[in-house]
Amino acid sequence: MPREQGRKVVASNRKAHHDYAISDTFEAGLVLTGTEVKSLRAGRASLVDAFGHEHDGEIFLHGMHIPEYTQGTWTNHEPRRVRKLLLHRDEIAKMRNKLRDDGVTLVPLQVYFHNGYAKVEIGVAKGKKSYDKRQDLASRDAQKEINRALGRRAKGMG
């Protein structure tokens, strides 16, 4: 059977960019059981409340919800179990150095299949304050208004 090509997004954490300032991103493999892979292929996963954690030189993903596979039997998985991330040693070292700073955490941004393999995009993030969020929204609205004005001018309306 030919392997899948390209990238198929299963779940994305849309609130991550709103709640956190993402400084660096990494692509990591996931250690999964068979029923977890089948559930992911069906497009069922949630990254709400998920976070990464370093323990004994390895990175683990806590709180990611992959619902039980509907056709699974007694071999079904636990939906919110801790999952190990597969990263290179130098990537783990970079993450550990960044995690030493205060208020820095690992946040999963997306879960997807890349050429048939389950991957997670994880970001090194620092929490935003409420005034930072308001400032981001204001700058985004201002940029939209500028683009609208440029579009009207290009059409000869402005």
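This is a short walk through the fold of a single chain, starting with its overall layout and ending at two residues in its loops. Keep in mind that the model is predicted.

Let us begin with the big picture. The chain contains four helices and seven strands. If you follow it from the N terminus, the elements come in the order β-α-β-α-β-β-β-α-β-β-α. The radius of gyration is 19 Å, well over the 15 Å that the globule rule gives for 158 residues, so the chain is more spread out than a compact globule. Its C-alpha trace spans about 65 × 40 × 25 Å along the principal axes.

How much of the chain is buried? Of the 158 residues, 31% count as buried. The chain exposes about 10300 Å², and carbon and sulfur atoms supply 50% of that area. As for charge, there are 29 positive and 20 negative side chains, and the centres of these two sets lie 6 Å apart. Contacts also reach along the sequence: among those between residues at least 6 apart, 68% join residues at least 24 apart.

Now turn to strand β6, which covers residues 104-114. This strand is mostly covered, with nine of its 11 residues buried. Strand β1, residues 7-12, runs antiparallel to β6 and is joined to it by five bridges. Strand β7, residues 117-127, also pairs with β6 in the antiparallel sense, over 10 bridges.

A good place to see both pairings is V111 in β6. A11 stands opposite V111, while in β7 the bridge partner of V111 is V120. As you look along these strands, a general point may help: in a regular strand the side chains alternate between the two faces of the sheet.

From β6, follow the chain into the hairpin that leads to β7, where two residues lie between the strands. Here you meet N115, in the loop between β6 and β7. N115 has a positive phi of about 50° although it is not a glycine. Is this residue buried or exposed? N115 counts as partly exposed because its relative accessibility is 26%, and the partly exposed class runs between 20% and 50%.

Another loop offers a second example. D56 lies between β3 (51-55) and β4 (58-62). D56 is not a glycine, yet its phi is positive, at about 55°. With a relative accessibility of 67%, D56 counts as exposed, since that class begins over 50%.

Conventions. Residues are numbered from 1 along each chain as its sequence is written. This is a predicted model: local features need pLDDT of at least 70, side-chain atom pairs count only at pLDDT 80 or more; totals for chains, interfaces and linings use all residues. Side-chain values use heavy atoms; hydrogens and water are left out. Buried means under 20% relative accessible area, exposed over 50%, partly exposed in between (1.4 Å probe, protein chains only). Two strands pair if DSSP finds at least two bridges between them. The radius of gyration is taken over C-alpha atoms; the globule rule is 2.2 Å times the number of residues to the power 0.38. Contact means heavy atoms within 4.5 Å. Accessible areas come from the Shrake-Rupley method with a 1.4 Å probe; for residues, only the protein chains shown count as cover. Lys and Arg count as positive and Asp and Glu as negative; His and the chain ends are not counted. The place of a charge is taken as NZ of Lys, CZ of Arg, CG of Asp or CD of Glu.
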